[in-house]
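Me: I would like to learn how to read a structure feature by feature. Can we go through one together?

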Amino acid sequence: MIEELITLAKRPPLFLESTAPFWDDDHISGQMLKTHLDPTEEKASRKPETIDASVSWIKGTSIKEDPSSILDLGCGPGLYCRRLAGKTTRVTGIDISRRSIAYARREAEKAHLLIDYHNKDYLTIDFTQEFDIVLLIFCDFAVLSPSKQQILLSKIYQALKPGGVFLFDVYTPCFPKYREEKNSWYTALTGFWKENPHICLHNQYHYPQNRAFVDQYIIIENNENIDVYRIWDQYYTETSIMELLGKQPFKKIELFGDITGREYTAESETLCAVCRK
Ligand SMILES: C[S@@+](CC[C@H](N)C(=O)[O-])C[C@H]1O[C@@H](n2cnc3c(N)ncnc32)[C@H](O)[C@@H]1O
């Protein structure tokens with residue numbers, strides 16, 4: 001077992017996947033939902049006041065005064081969808097977590113909001129010229145490998161109406177996390193990863209040439225069960241994000257400092273791209 005752990009804890013090859021599902025795991029998805037709904041935390045969703053500011057800015061990026069159709073990819077429990085939905089705005093939310101989608105549907109029903117929620121992988125969407133705005137919020141685009149990013153971008157391009165916009169955010173090299181590699185561990189009787197007693201070995205590896213980073217969590221539940229969760233991320237400069245987006249035929253791309261439309265500066269920790277078809 002020790003030898004297996006030593007091997008597992010080594011720097012993984014870029015974009016090596018987790019050995020078990022993360023977002024839709026029965027226990028982890030419950031922990032995630034709690035985090036999404038905690039207004040004091042910014043680990044799974046942004047704080048309510050930031051979401052409110054985002055929503056009014058996002059609506060203004062549409063060429064139409066009132067966008068009639070919005071697609072939110074990785075919508076989680078629907079914090080943006082329910083603020084965006086209105087009498088003349090049809091909102092579609094897609095998320096891989098059954099628990100988040102079930103919660104989002106219940107909330108929409110309670111508030112009599114017409115939102116189409118789908119529990120599926122956003123890499124499998126197949127819409128054609130249906131949306132004025134497509135969103136992917138909280139730096140999720142950058143968790144995908146470069147080949148998956150291009151697949152998703154072309155599906156998003158296809159889903160947009162002419163003149164429609166795709167908005168998403170990513171981290172920049174100023175985000176403090178990317179400055180160091182670390183290893184740590186803890187034990188827990190119950191916790192984020194498992195309901196039962198477990199040990200967590202946490203490795204953080206940086207791949208500076210690829211501007212990539214992984215948080216690798218090795219979870220040892222008992223002598224037989226070891227799960228490895230690898231949360232990948234990539235960070236971008238203005239030049240590298242434009243290079244990536246240049247592979248798709250967007251007519252105009254504007255960059256901002258965050259998803260509320262603040263100006264981008266050399267100190268910005270995030271970068272938000274507004275890509276117009
Ligand atoms: C960091 S959370 C952000 C949620 C939401 N955008 C927000 O800001 O409140 C990422 C979300 O993306 C979802 N997700 C991750 N990978 C996905 C995929 N391949 N297809 C659909 N949803 C996915 C997760 O279930 C989770 O709800």
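Reply: Start with a strand pairing. In this predicted model, Leu-73 has Ile-94 of strand E2 as its bridge partner.

Me: Which strands does that bridge belong to, and in which sense do they run, parallel or antiparallel?

Reply: Strand E1, residues 69-73, is joined to E2 by five bridges, and the two run parallel.

Me: What lies on the other pairing of E2, the one with E3?

Reply: E2 also pairs with E3, again over five bridges in the parallel sense. One of the facing pairs there is Gly-93 with Tyr-117 of E3.

Me: How many residues of E2 are buried?

Reply: Five of the six, so the strand, residues 90-95, is mostly covered; buried here requires 20 or more other C-beta atoms within 10 Å. As a general idea for reading any strand, side chains in a regular one alternate between the two faces of the sheet.

Me: Where do I look for an antiparallel pair?

Reply: Look at E8 and strand E9, residues 226-234, which run antiparallel and are joined by nine bridges. The connection between E8 and E9 is a hairpin of five residues. Within this pair, Phe-213 faces Asp-233 of E9.

Me: Now a helix. Why would buried residues line up on one side of it?

Reply: An α-helix has 3.6 residues a turn, so residues three or four places apart point the same way. For the case here, take helix H2, residues 26-37. Its buried residues are Ile-28, Ser-29, Met-32 and His-36. They cover an arc of only 95° around the axis, and therefore sit on the same side of H2.

Me: Which residues are exposed on the other side of H2?

Reply: Asp-26 and Lys-34 are exposed there.

Me: What do the buried residues of H2 pack against?

Reply: They pack against helix H5, which spans 98-110.

Me: How does the length of H2 compare with what is expected?

Reply: H2 has twelve residues and reaches 17 Å from its first C-alpha to its last, close to the 16 Å expected at 1.5 Å a residue.

Me: Next, backbone angles. Which residues other than glycine have a positive phi?

Reply: Two cases can be read here. His-112 has a positive phi of about 55° and is not a glycine. Arg-211, also not a glycine, has a positive phi near 50°.

Me: Where are these two found?

Reply: His-112 is in the loop between H5 and strand E3, the latter being 115-119. Arg-211 is in the loop between strand E7 (198-207) and strand E8 (212-220).

Me: Are their surroundings best called exposed or partly exposed?

Reply: His-112 is exposed, with 7 other C-beta atoms within 10 Å. Arg-211 is partly exposed, with 18 other C-beta atoms within 10 Å.

Me: How do I read a contact between residues that are distant in sequence?

Reply: Compare the separation along the chain with the separation in space. Glu-195 and His-27 are 168 residues apart along the chain, and their C-alpha atoms are separated by 6.7 Å. Glu-195 is in the loop between strand E6 (182-188) and E7, and counts as partly exposed with 14 C-beta neighbours inside 10 Å. Apart from neighbours within four places in sequence, Glu-195 is in contact with His-27 and Thr-190.

Me: What does Phe-250 contact?

Reply: Leaving aside neighbours within four places in sequence, Phe-250 is in contact with Leu-245, Cys-275, Arg-276 and Lys-277. Phe-250 lies in the loop between helix H7 (238-245) and strand E10 (252-256). From Phe-250 to Gly-163 the distance is 9.5 Å, C-alpha to C-alpha, with their positions 87 residues apart in sequence.

Me: Which residues does Cys-139 touch?

Reply: Not counting residues up to four places away in sequence, Cys-139 touches Asp-169, Val-170, Tyr-171 and Thr-270. Cys-139 is in the loop between strand E4 (131-136) and helix H6 (146-159), and counts as partly exposed with 19 C-beta neighbours inside 10 Å.

Me: Last, the ligand. How many residues surround the ligand, and which are the closest?

Reply: There are 19 residues around the ligand, the closest being Ser-45, Gly-74, Gly-76, Ile-96 and Phe-138. By type, the shell divides into ten nonpolar, six polar and three charged residues.

Technical notes
Residues numbered from 1 in each chain as written. Predicted model: local features only at pLDDT ≥ 70, side-chain atom pairs only at ≥ 80, totals over all residues. Near = placed C-beta within 6 Å. Nonpolar A, V, L, I, M, F, W, Y, C, P; charged D, E, K, R; others polar. Helix = DSSP H or I, 4+ residues; strand = E, 2+ residues; numbered from the N terminus. Expected span 1.5 Å × (residues − 1). Buried ≥ 20, exposed ≤ 12 C-beta atoms within 10 Å, placed from the backbone. Arc of directions from axis to C-beta. Contact = placed C-beta atoms within 7 Å. Pairing = 2+ DSSP bridges.
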